[in-house]
Amino acid sequence: MQEVIAKDAESPLCISVEHVNRFFGKKQVLFDIRLGVPYSQILGLLGPSGSGKTTLVKVIAGIDTATSGNVWLLGEKMPKLLLMNKIGYMAQSDALYGELTAEENLRFFASMYNLRGAKQKQRIAEVMSLVNLSEHLKKQVKQYSGGMKRRLSLAISLLHEPQVLILDEPTVGIDPVLRKSIWNELYKLRDNGTTIIITTHVMDEVEKCDYLGMIHDGKLIASGTPNEIKNATSSNTIEEAFLYYGGASK
Amino acid sequence: MRVIAVMIRILLQLKHDKRTIGLMIFAPIFVLTLMSFIFNGSDYHPKIGITNAPNSFINKLEDNYARVTIYDESEAHEALNQAKVDAIINFESGVPNVKLEGSDPSKNGAVIKLIQNIMQQTSPTIKPDITYLYGYENMSSFDNFGPILIGFFVFFFVFLISGVSFLSERTSGTLERLLATPLHRWEIVMGYLLGFGAFTIIQSSFIAWYSINILGIMMVGSFMLVILITILTALVALTIGTFISAYADNELQMIQFIPLIVVPQVFFSGLFDLSTMDTWLQFIGRFMPLWYAADGLRNVMIRGKGWNDIQGDVYVLISICIFFIIANVITLKKYRKT
């Protein structure tokens, strides 16, 4: 098992996961996860579906609670209601109100973060142009395509300019051109100080992250920069490395 | 305030879902109308068996469209037993002895009205002697159970719609998404209460108004008290519906709660006469919110009672509401601890 990511970093960690175990009844889905993410970095969590990625990000986002172990975020212990203001969360399933228009959805979630008035309007316009949906603002969400819903979910998670962004498979169903522009946006956010956790099982996205954590059967089987992981397993691609660890853990 | 945002969102969702609005308002109206047709049918022509009566009386009956059959004593009783006739009439020294079959209050009423009319015209001093084979004189009619039906339909539809909409909040992932915001658990619950509450004020008022003014359900009390009780009934249904939805995984399972949660309340709310049951069985009704709604509505609408007589019911309904609001806030802990 690998040590905490960037353990040698001088800077304090933005997110720190300490010995987190999670049981659902008798079934253990997370095993002693230790993970640290410095400020202004993108951490990619990689793993097959059912590996526990979503549970882990939910624990980090404060929606779920670890059975044992701690999660620290921005120097405070999770879960904490006030911290929710500083986290942007995009769920794996599009949590949108289909009967409402995109604008009504955005307004509703903006109000949840106490964003209102001119500021609300301005942010809605900004995030919608970011995900290229400005012209579909007045459309009912149930008329949206799958990719459009993903983009709207992303837009909602960005509304309140969170310091920490947690995205659960954000690019599923999004075409390569838009995916690229979303990644550019994520880089921009990172460079402006946002710390980002992103889960994926798309291998070509993995190389775009600053750090990677590989999860298999609820265990963090490898972590480090993409290059570190490749070197450690003398693989040419992350995919090979992942297969190496996946096989080795059995 | 976030509570207001939740409330507005619910009203917007309703606005976009015209069919649900239609269901919540017009389904109760439709069913109440059908029931008023069935129980208020004023054009019923009674079937009357005669063992002994003056010809003038028989002619009068036939003039009033009654279907008259002449029987001898034993035949008449058999006909009455088998409900072939609604009543048998036997004149003894000028006084009509009317024996009613009695199981159907609207038929009883029709027979009695007819005979009283005829006696008024011919010999107003003589009072017919009325007895019942089954049933009893003051058996319920639409007037009697109309108030319960108003309470019941408001309860039923609000229970169903609020339960299903809270359920879909859970299954669509929006509840989890909401709990990833700084929204307090109580804010969701209160937002739902206010959102549906605002809508049920309109729904309840309209249903009560329609029942009273269009269907002509007996109403001698204060309309505002009727509205107060129906709105409280709706809020109780709302809080119970959202609470129960936590134990359903999909809409079908929500429907499965109807026979468990809603139907028993109908039986114990007073729609059916319980006075012949064991006392402890009758007491079960006291555990059912609809009993209090029905009791309050009946007291206001039929007996014309005021605030003092129904405040007990109102307090119980409010308490049930508060109890389930708290239960809902606690249940949400399942999804987020804080």
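In this predicted model, the axes of helix 6 (residues 142–171) and helix 13 (residues 289–301) of chain B come within 8 Å and cross at roughly 140°. That angle makes helix 6 of chain B oblique to helix 13 of chain B, because only angles over 145 degrees count as roughly antiparallel. The crossing of the two chain B helices, 6 and 13, is right-handed. Helix 6 of chain B contributes Pro147(B), Ile148(B), Ile150(B), Gly151(B), Phe152(B) and Phe155(B) to the contact. On the side of helix 13 of chain B, the partners are Leu290(B), Ala293(B), Ala294(B), Leu297(B), Arg298(B) and Met301(B). By class, ten residues of this contact between helix 6 and helix 13 of chain B are nonpolar, one is polar and one is charged.

Ile261(B) belongs to helix 11 (residues 258–268) of chain B. The residue counts as buried because it has 20 C-beta neighbours inside 10 Å. Leaving aside residues up to four places away in sequence, Ile261(B) touches Ile240(B) and Ile244(B). Between Ile261(B) and Phe156(B) the C-alpha separation is 9.6 Å, although their positions lie 105 residues apart along the chain.

Gln82(B) gives a contrasting case. The residue sits in the loop between helix 4 (73–81) and strand 3 (87–92) of chain B. Gln82(B) is exposed, with 9 other C-beta atoms within 10 Å. Its C-alpha atom is separated by 65 Å from that of Arg2(B), and the two residues are 80 apart along the chain.

Chain B also contains an open sheet. Five strands form it, in the order 2-1-3-4-5, and the pairing is mixed. The edges are strand 2 (67–70) and strand 5 (129–132) of chain B. Each of these has a single partner strand, so one side of each is left without a neighbour in the sheet. On average, neighbouring strands of this sheet are turned by 25° against each other, direction ignored. Strand 1 (residues 47–52) and strand 3 of chain B run parallel and are joined by four bridges. Opposite Gly49(B) stands Ile88(B), in strand 3 of chain B. Helix 5 (residues 105–122) of chain B lies across strand 1, strand 3, strand 4 (95–100) and strand 5 of chain B. This helix 5 of chain B runs at about 170° to strand 4 of chain B.

Chain A has an open sheet of six strands. Their order is 6-7-8-3-9-10, again with mixed pairing. Strand 6 (87–90) and strand 10 (219–224) of chain A stand at the edges. Each pairs with a single strand, so one side of each has no neighbour in the sheet. The twist averages 15° from one strand to the next. Strand 7 (residues 164–168) and strand 8 (residues 195–200) of chain A run parallel, joined by five bridges. Ile166(A) stands opposite Ile197(A) in strand 8 of chain A. Helix 4 (residues 146–158) of chain A packs on the sheet and touches strand 6 and strand 7 of chain A. The direction of helix 4 of chain A makes about 170° with that of strand 6 of chain A.

Several backbone features of chain A call for comment. Most residues other than glycine have a negative phi, and most peptide bonds are trans. A cis peptide bond joins Met78(A) and Pro79(A), with omega about -5°. Pro79(A) lies in the loop between strand 5 (76–77) and strand 6 of chain A. Asn132(A) has a positive phi, near 65°. This Asn132(A) is found in the loop between helix 3 (117–130) and helix 4 of chain A. Asn132(A) is partly exposed, with 16 other C-beta atoms within 10 Å. Ser234(A) likewise has a positive phi, near 40°. The loop between helix 7 (226–232) and helix 8 (238–248) of chain A holds Ser234(A). With 9 other C-beta atoms within 10 Å, Ser234(A) is exposed.

The two chains meet in a contact that takes 24 residues from chain A and 21 residues from chain B. On the side of chain A that touches chain B, the largest share, five residues, comes from helix 2 (residues 102–112) of chain A. The residues on this side of chain A divide into 16 nonpolar, five polar and three charged.

Notes. Residues numbered from 1 in each chain as written. Chains lettered and ligands numbered in written order. Predicted model: local features only at pLDDT ≥ 70, side-chain atom pairs only at ≥ 80, totals over all residues. Buried ≥ 20, exposed ≤ 12 C-beta atoms within 10 Å, placed from the backbone. Contact = placed C-beta atoms within 7 Å. Nonpolar A, V, L, I, M, F, W, Y, C, P; charged D, E, K, R; others polar. Axes fitted to C-alpha atoms, helices over the stretch in contact; angles between N-to-C directions. Parallel < 35°, antiparallel > 145°, perpendicular 65-115°, else oblique. Left-handed = near helix turned anticlockwise from the far one by under 90°. Pairing = 2+ DSSP bridges.
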